[in-house]
Amino acid sequence: MPVKLEHINQPTPADWADIAKIQADTTDEQLLSPALQHHFEQQGWLIAARFNDRIIGVILVSRNHQTVTLSNAAVRSITQRRGVMHQTIHLLQRWASDQEITIRINTAPETLVLALEKRGFKRTESAWIWQP
């Protein structure tokens, strides 16, 4: 399932509807409208994976100088196991490489450890780090 990467600072009404579907599938409270709006107010943004003009996957992003921190990755349940998050991370790494930005993931479930290692992330005491 090919996806397009998009950086979103303020979702459209259709985007909010798509995010609400992802939130309902995952029950991630950070994707609820008030929490997400607070994230945007703190200069954070959202990486969206789009397919056929619909958001099917998201990652919350915050930036500190030349490092972006990823959190709360989620994919619609209807599209799970179709490579959406793997493609999103791949496209994000390509963007980060072009911008010379380090990617940081503070916590990752054990089910993603192998995928992160295959993508060149290195585990430190406090996070997973990928550098271009």
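For a chain of 132 residues, a compact globule would be expected to have a radius of gyration near 14 Å, and the protein chain, with 14 Å, agrees with that expectation. The model described here is a predicted one. Taken along the principal axes, the box filled by the C-alpha atoms of the protein chain has dimensions of roughly 35 × 30 × 25 Å. Of the 132 residues, 40% are buried, and among contacts in the protein chain with a separation of 6 or more, 57% are made by residues 24 or more positions apart. The accessible surface amounts to about 7700 Å², and carbon and sulfur atoms contribute 49% of this area. As to charge, 14 positive and 13 negative side chains are present, the centres of the two sets being 7 Å apart.

The secondary structure of the protein chain consists of 4 helices and 7 strands, which are arranged along the sequence in the pattern β-α-α-β-β-β-α-β-α-β-β.

Helix 2, which spans residues 33-41, has Leu36, His39 and Phe40 as its buried residues. When the helix is viewed down its axis, these buried residues fall within an arc of 100°, and they therefore line one face of helix 2. Such an arrangement can be set beside the general geometry of the α-helix, in which there are 3.6 residues a turn, so that residues three or four places apart point the same way. The other side of helix 2 carries Pro34 and Glu41, both of which are exposed. The cover over the buried residues of helix 2 is provided by elements that include strand 1 (4-8) and helix 1 (13-26), together with strand 2 (45-51) and strand 3 (54-64).

Helix 1, one of the elements covering the buried residues of helix 2, contains aspartate 15. With a relative accessible area of 5%, aspartate 15 lies under the 20% cut-off and is therefore classed as buried. When residues up to four places away in sequence are not counted, aspartate 15 touches Ile8, Arg50 and Ile55. A second buried polar residue to be described is threonine 69, which is located in strand 4. The relative accessible area of threonine 69 is 19%, and because this value is under 20%, the residue counts as buried. Once neighbours within four places in sequence are left aside, the contacts of threonine 69 are with Leu60, Val61 and Ser62, as well as with Arg104 and Asn106.

The backbone was also examined for unusual phi values. In general, most residues other than glycine have a negative phi. Glutamine 43, which follows helix 2, has a positive phi near 75° although the residue is not glycine. Glutamine 43 is placed in the loop that joins helix 2 to strand 2, and with a relative accessibility of 63%, which is over the 50% cut-off, this residue counts as exposed. Histidine 65 likewise is a residue other than glycine with a positive phi, here near 60°. The loop between strand 3 and strand 4 (67-75) is where histidine 65 lies, and its relative accessibility of 69% means that histidine 65, too, counts as exposed.

Key: Residues numbered from 1 in each chain as written. Predicted model: local features only at pLDDT ≥ 70, side-chain atom pairs only at ≥ 80, totals over all residues. Heavy atoms only, no water. Buried < 20%, exposed > 50% of the residue type's maximum accessible area, 1.4 Å probe, protein only. Helix = DSSP H or I, 4+ residues; strand = E, 2+ residues; numbered from the N terminus. Arc of directions from axis to C-beta. Contact = heavy atoms within 4.5 Å. Rg over C-alpha atoms; globule rule 2.2 N^0.38 Å. Areas by Shrake-Rupley, 256 points an atom, 1.4 Å probe, with all protein chains shown as cover. Lys, Arg positive; Asp, Glu negative; His and termini not counted. Charge placed at Lys NZ, Arg CZ, Asp CG, Glu CD.
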